[in-house]
Amino acid sequence: MTSNDELQDLAIKIGQLLTKIKKSVSTAESCTGGWVGKEFTGIPGSSNWYGFGFITYSNKAKIKSLGVSKDALLDEGAVSEKVVKEMAEGSLRNSGSDFAISISGIAGPTGGTDEKPVGTVCFGIGSKDNISCFTEHFEGDREQVRQQSVAFALKQLLKYLQ
């Protein structure tokens, strides 16, 4: 399990890299409810590289704030790589940022299915040129699933930037 200190260390490394290359990042979060943004805004000076965070918990918010298509939500569901790709694209488009993180998942304790059990989380990480999508499954209670999701997203963005 990643500690809160480790999350902050990852966010600091991301901020240092973004500052060095003079680029910015935005977030589009569902199940994490703005936790990635919280890690970023905990760093003094982060407004130089983090200016937009979209918390789009409902499907309506995903459609209205990020332009996620109703078809993607109906065909694939909110917890899908297609939807997180569209969330990341919307975050990039609406913020003008250089990079984006998007997250949508089932943190539990309810909401899981046989196909998508509790702990299933989808991620979009990238830029206008390339958004990589991932699906992971995390064990634990709601808070643990959310924390592991934040850690995974930060680690993937750090890899992407390096």
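These notes go through a predicted model, starting with its sheet and ending with its pocket and two backbone details.

1. The sheet as a whole. Five strands make up an open sheet, and their order across it is β2-β1-β3-β4-β5. The pairing in this sheet is mixed. β2 and β5 (131–137) are the edge strands, each pairing on one side only. On average, neighbouring strands of the sheet are turned by 15 degrees against each other, with direction ignored.

2. The parallel part. Strand β1 covers residues 25–29 and strand β2 residues 50–55; the two pair in the parallel sense over five bridges. β1 also runs parallel to β3, and five bridges join that pair. E29 can be used to locate both contacts on the model. Its bridge partner in β2 is I55, and its bridge partner in β3 is I103. A further point of reference between β1 and β3 is V25, which stands opposite F99 in β3.

3. The β-α-β unit. The connection between β1 and β2 involves a helix. Helix α2 (residues 35–41), together with β1 and β2, makes a β-α-β unit, and the unit is right-handed.

4. The antiparallel part. β3 and strand β4 (residues 120–126) run antiparallel and are joined by six bridges. Two positions show the register of this pair: A100 stands opposite G126 in β4, and S102 stands opposite G124 in β4. β4 and β5 are likewise antiparallel, with seven bridges joining them. Here C122 has T135 in β5 as its bridge partner. β4 and β5 form a hairpin, and four residues lie between them.

5. Burial of β3. How many residues of β3 are buried? The count is seven of seven, so the strand is largely enclosed by the rest of the structure. In a regular strand the side chains alternate between the two faces of the sheet. For β3, one side carries F99, I101, I103 and G105, the other carries A100, S102 and S104, and all of these are buried. Both faces of the strand are therefore covered.

6. Two residues of β3. A100 is found in strand β3. Its relative accessibility is 0%, and because the cut-off for buried is under 20%, A100 counts as buried. A100 and G53 are 47 residues apart in sequence, yet their C-alpha atoms are 9.5 Å apart in space. S102 also has its place in strand β3. S102 is buried, with a relative accessible area of 0%. S102 and D114 are 12 residues apart in sequence, and the C-alpha to C-alpha distance is 24 Å.

7. Burial of β4. β4 is mostly covered, with seven of its seven residues buried. On one side these are T120, C122, G124 and G126. On the other side they are V121, F123 and I125, so that both faces of β4 are covered.

8. The largest pocket. The volume of the largest pocket is about 180 Å³. It is lined by 15 residues, and those closest to its centre are S30, C31, Y57, G105 and I106. Which elements give two or more residues to the lining? They are α3 (59–66) and β3 (99–105). Sorted by class, the lining has six nonpolar, seven polar and two charged residues.

9. A cis peptide bond. The peptide bond from G108 to P109 is cis, and its omega is near 5 degrees. P109 lies in the loop between β3 and β4. A reader following the chain out of β3 may want to look at this bond on the model.

10. A positive phi. K22 is not a glycine, but its phi is positive, at about 55 degrees. Where does K22 lie? It is in the loop between α1 (4–21) and β1. Is K22 buried or exposed? With a relative accessible area of 73%, K22 is exposed, because the cut-off for that class is over 50%. A100 and S102, by contrast, are both buried.

How values were computed:
Residues are numbered from 1 along each chain as its sequence is written. This is a predicted model: local features need pLDDT of at least 70, side-chain atom pairs count only at pLDDT 80 or more; totals for chains, interfaces and linings use all residues. Side-chain values use heavy atoms; hydrogens and water are left out. Two strands pair if DSSP finds at least two bridges between them. A crossover is right-handed if, with the strands pointing away from the viewer, the path from the first strand over the helix to the second runs clockwise. On a 1 Å grid over the protein atoms alone, a cavity is a set of points where a 1.4 Å probe fits but cannot get out, and a pocket is an open set with protein on both sides within 12 Å along at least five of seven lines; lining residues have an atom within 4 Å of a point. Grid points are joined across faces, edges and corners, and a volume is the space filled by probe spheres set on the points. Ala, Val, Leu, Ile, Met, Phe, Trp, Tyr, Cys and Pro count as nonpolar, Asp, Glu, Lys and Arg as charged, and the others, Gly among them, as polar. Buried means under 20% relative accessible area, exposed over 50%, partly exposed in between (1.4 Å probe, protein chains only). Axes are lines fitted to C-alpha atoms, for helices over the stretch in contact, and angles run from 0 to 180 degrees between N-to-C directions.
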